Amino acid sequence: MSDLSIRPALITKVIPDSICAEIGFEPGDSIVAVNGQKPRDLIDYQFLCADEFIELEVLDAKGKSHKLEIEKDYDEDLGVEFETALFDGLIQCNNRCPFCFIDQQPPGKRETLYLKDDDYRLSFLYGSYLTLTNLTQKEWDRIEQMRLSPLYVSVHATEPEVRIRLLKNLRAGKILEQIKWFQERRLQIHAQVVVCPGINDGEHLERTLLDLAKFHTGNNPAVASVAVVPVGLTRFRPAEDELIAVTAEKAREVIEQVQKIQVLLSKGKGGKKAKKPNSKSRCIWLADEWFLIAGLDLPSAADYEDYPQIGNGVGSIRQFIQQFETAFEKLQPMQVEPARKLVWVVGNAVEKAFEPIVQQLNQIPGLSVNMAALCSRYWGQTITVTGLLTGQDLLEALQGRDLGDGILLPSVMLKQGEPRFLDDMTLEQLASSLKTRILPVSGVEELISAAIGLATAEVEF
C-alpha cells in the first residue's frame, strides 16, 4: 500500500478534558503521521499511539502543518474521533452474492448505500462480516502479525462448489483452508451462515455446521460461534436470481434441523451428555428471525448463554425484553402528568414478542402506548424486522392516524449517526409530513424515559 493512497485522518470530535482538548485540537484538524508513520486506519493509529512518548504531524483546519511531542501514560487515549476508521479507503467486495442486500436496493439513492464492504479491518473493529475472498498475502500477514482477532466471517457453505455458487467467486472454495489458517495461528472467527432455500439448506446446511463445529475445540476455538440466519429478500432483487423466500414451514424445518445438531454436538463420546451441561459450550445459534417467521416462541434468555452473536440478531429480542423487565421493576410507583398518548413503531416480525412490553407500559397511570407493527411495502415484505422499516413505510401506514403526542421511533431504523432512513427520507421530513413529534429511542432506558416524558432528543414538525 503506497503512502500516497493514505489520507490524513480527519478529526470530527475532540473529547472534553482529553489530551488533545488540552493541547487545543479542534474538529477539522487532521493527523498526518504518528512517529513518522502514516496510519492506514484506526488500527494503525491506536497501535502507534500506545507508546508513552509520541510525535504527531498535524494539519490544522486552515492547512497549516504542525509537529507536536506528547508524553502520556502507556495506552492512554488522545481523545479524538475521526471521520472514518479507514484512512486509505474501503476494501470492497469482489463477490456477486444474489442475496446481497446492497444489490437488493433501488437505484438513485446516496452513493454510500451501494458500497460493498468486505474489509477485514471493519470486521475487527466493529464486527461487520467479510468473506476472506479479496485478501492479498500482505493483508493475511498483517492479520497474523497484529493478532486481529476475532474476525467475523460469512461462510454460508463449507462445500467448495456450494460456496462458489453462492458467492459467484472461484476463490470462495478455500474457506476450510482459511479457517484452518486461523486455527494454526490461534486466531478466532465468528461465522455466519445465511440459509438460502434450495441452495445451501438441507444436507448442505448439516455439512456446513458439522464442518464448522470441528473447529470449536479447546480454550481458544478457531470458530468461536456460528449464527444461522434466514435469507432476506426485497422486491428490488435481480429478476434472474434463483432465491426463494423463507416460509413459516421452512423456518420450522430449519429450527428442528439445527436444534437436532445442537443436541448432537452437546453430547460426548458414546452419546453421553457432556459432564457440564451448564457450561458455555454451544457453538451454533439460530437467529431470532427463524422463530418470528415460524410463529414460535423465542428461546429463554438462559439459552443464549453470553450472547456471542447478538450483533447478528441472535438473542437481541430476548435480551431487550429481559432488560425492559429489569428496568420496569426498578420504576417507583408513578403517574404520568399530564397524560400522554404515544405510538411505538416496530416491525411486524416482533409484534407478538413485544406485546407484553406495551401491556406493562400501559399499567403506568396517565400513559397510553399503542404499538404500530408494520411491514415494509417499500421492500415488498410481508414480515419485516424493525431495522428495515423506511420513512416511506411509516408515512404510508401512519398518515391520517391519531398519533397522540408523538411517535416512539427505534433508532435502529436510522443511518448510524444521522437522522435518515434507508430510503433517504429524513426524520424532519417524516415529522413534517405526519405533523407530529418523533422521539428516536435507542435501547430500553431511552424507550422508558421517552414514554414517561423525561428529557430526550426529539424531532419537531
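This report walks through helix packing, aromatic pairs, backbone features and two residue environments in a predicted model.

**Helices and what they pack against**

Let's start with two helices towards the end of the numbering. Helix α12 (residues 391–398) packs with helix α13 (residues 427–434), the axes being 10 Å apart and the angle about 10°. Angles under 35 degrees count as roughly parallel, so α12 is roughly parallel to α13. On the α12 side the contact is made by Gly391, Leu394, Leu395 and Leu398, while α13 brings Leu430, Ser433 and Leu434. Sorted by class, this contact of α12 with α13 holds five nonpolar and two polar residues, and no charged ones.

Helix α11 (residues 351–361) is a nice case to view down its axis. Its buried residues are Ala353, Phe354, Ile357, Val358, Gln360 and Leu361. Why do they share a side of α11? They cover an arc of only 160° around the axis, and that places them on the same side of the helix. As background, an α-helix has 3.6 residues a turn, so residues three or four places apart point the same way. On the other side of α11, Lys352 and Gln359 are exposed. The cover over the buried residues of α11 includes two helices, α10 (316–330) and α14 (443–452), along with the strands β11 (340–347) and β12 (367–374).

Helix α7 (residues 203–213) also has a set of buried residues: Leu205, Thr208, Leu209, Leu210, Asp211, Leu212 and Ala213. Note that Asp211 is on that buried list. The partners that the buried residues of α7 pack against are α6, β8 (189–195), β9 (223–230), α8 (248–266) and β10 (284–286).

**Aromatic pairs**

How many aromatic pairs does a search of the whole structure find? The search finds 13. Two of them involve Trp181, and their geometry is set out here.

| Pair | Distance between ring centres | Angle between planes | Type |
|---|---|---|---|
| Trp140 and Trp181 | 4.7 Å | 70° | edge-to-face |
| Trp181 and Phe182 | 5.2 Å | 80° | edge-to-face |

Planes over 60 degrees apart count as edge-to-face, so the 70° between Trp140 and Trp181 gives that pair its label. Trp140 belongs to helix α4 (residues 137–145) and Trp181 to helix α6 (residues 175–184), so their pairing ties together parts that are 41 residues apart in sequence. Trp140 and Trp181 are both buried, and Phe182 is buried as well. Elsewhere, Tyr45, Phe82 and Phe87 form one aromatic cluster.

**Backbone features worth a look**

If you plan to check backbone torsions, here are two cis peptide bonds. One joins Ser149 and Pro150, with omega about 0°, and Pro150 sits in the loop between α4 and β7 (151–154). Another joins Glu337 and Pro338, with omega about -10°; Pro338 is in the loop between α10 and β11.

Positive phi values turn up in residues that are not glycine, too. Asn35 has phi near 50° and lies in the loop between β2 (30–34) and α2 (42–48). With a relative accessible area of 36%, Asn35 is partly exposed. Glu305 has a positive phi of about 50° and is found in the loop between α9 (288–294) and α10. Glu305 counts as partly exposed, at 24% relative accessibility.

**Two residue environments**

The loop between α9 and α10 also holds Ala301. Is Ala301 buried or exposed? Buried means under 20% relative accessible area, so Ala301, at 18%, counts as buried. Setting aside residues up to four places away in sequence, Ala301 touches Tyr307, Arg318 and Gln322. The C-alpha atom of Ala301 is separated by 38 Å from that of Gln429, which is 128 residues apart from it along the chain.

Trp290, in helix α9, is buried at 0% relative accessibility. Which residues is Trp290 in contact with, leaving aside its neighbours within four places in sequence? They are Val195, Val228, Val229, Pro230, Val246, Ala251, Val254 and Ile255. Glu253 is 37 residues apart from Trp290 along the chain, and their C-alpha atoms are separated by 9.8 Å.

Methods: Residues are numbered from 1 along each chain as its sequence is written. This is a predicted model: local features need pLDDT of at least 70, side-chain atom pairs count only at pLDDT 80 or more; totals for chains, interfaces and linings use all residues. Side-chain values use heavy atoms; hydrogens and water are left out. Axes are lines fitted to C-alpha atoms, for helices over the stretch in contact, and angles run from 0 to 180 degrees between N-to-C directions. Helices (H or I, at least four residues) and strands (E, at least two) are DSSP runs, numbered from the N terminus. Angles under 35 degrees count as roughly parallel, over 145 as roughly antiparallel, 65 to 115 as roughly perpendicular and the rest as oblique. Contact means heavy atoms within 4.5 Å. Ala, Val, Leu, Ile, Met, Phe, Trp, Tyr, Cys and Pro count as nonpolar, Asp, Glu, Lys and Arg as charged, and the others, Gly among them, as polar. Buried means under 20% relative accessible area, exposed over 50%, partly exposed in between (1.4 Å probe, protein chains only). The arc is that of the directions from the helix axis to the C-beta atoms. Rings of Phe, Tyr and Trp (its six-membered ring) pair if their centres lie within 6.5 Å; planes under 30 degrees apart count as stacked, over 60 as edge-to-face and the rest as tilted.
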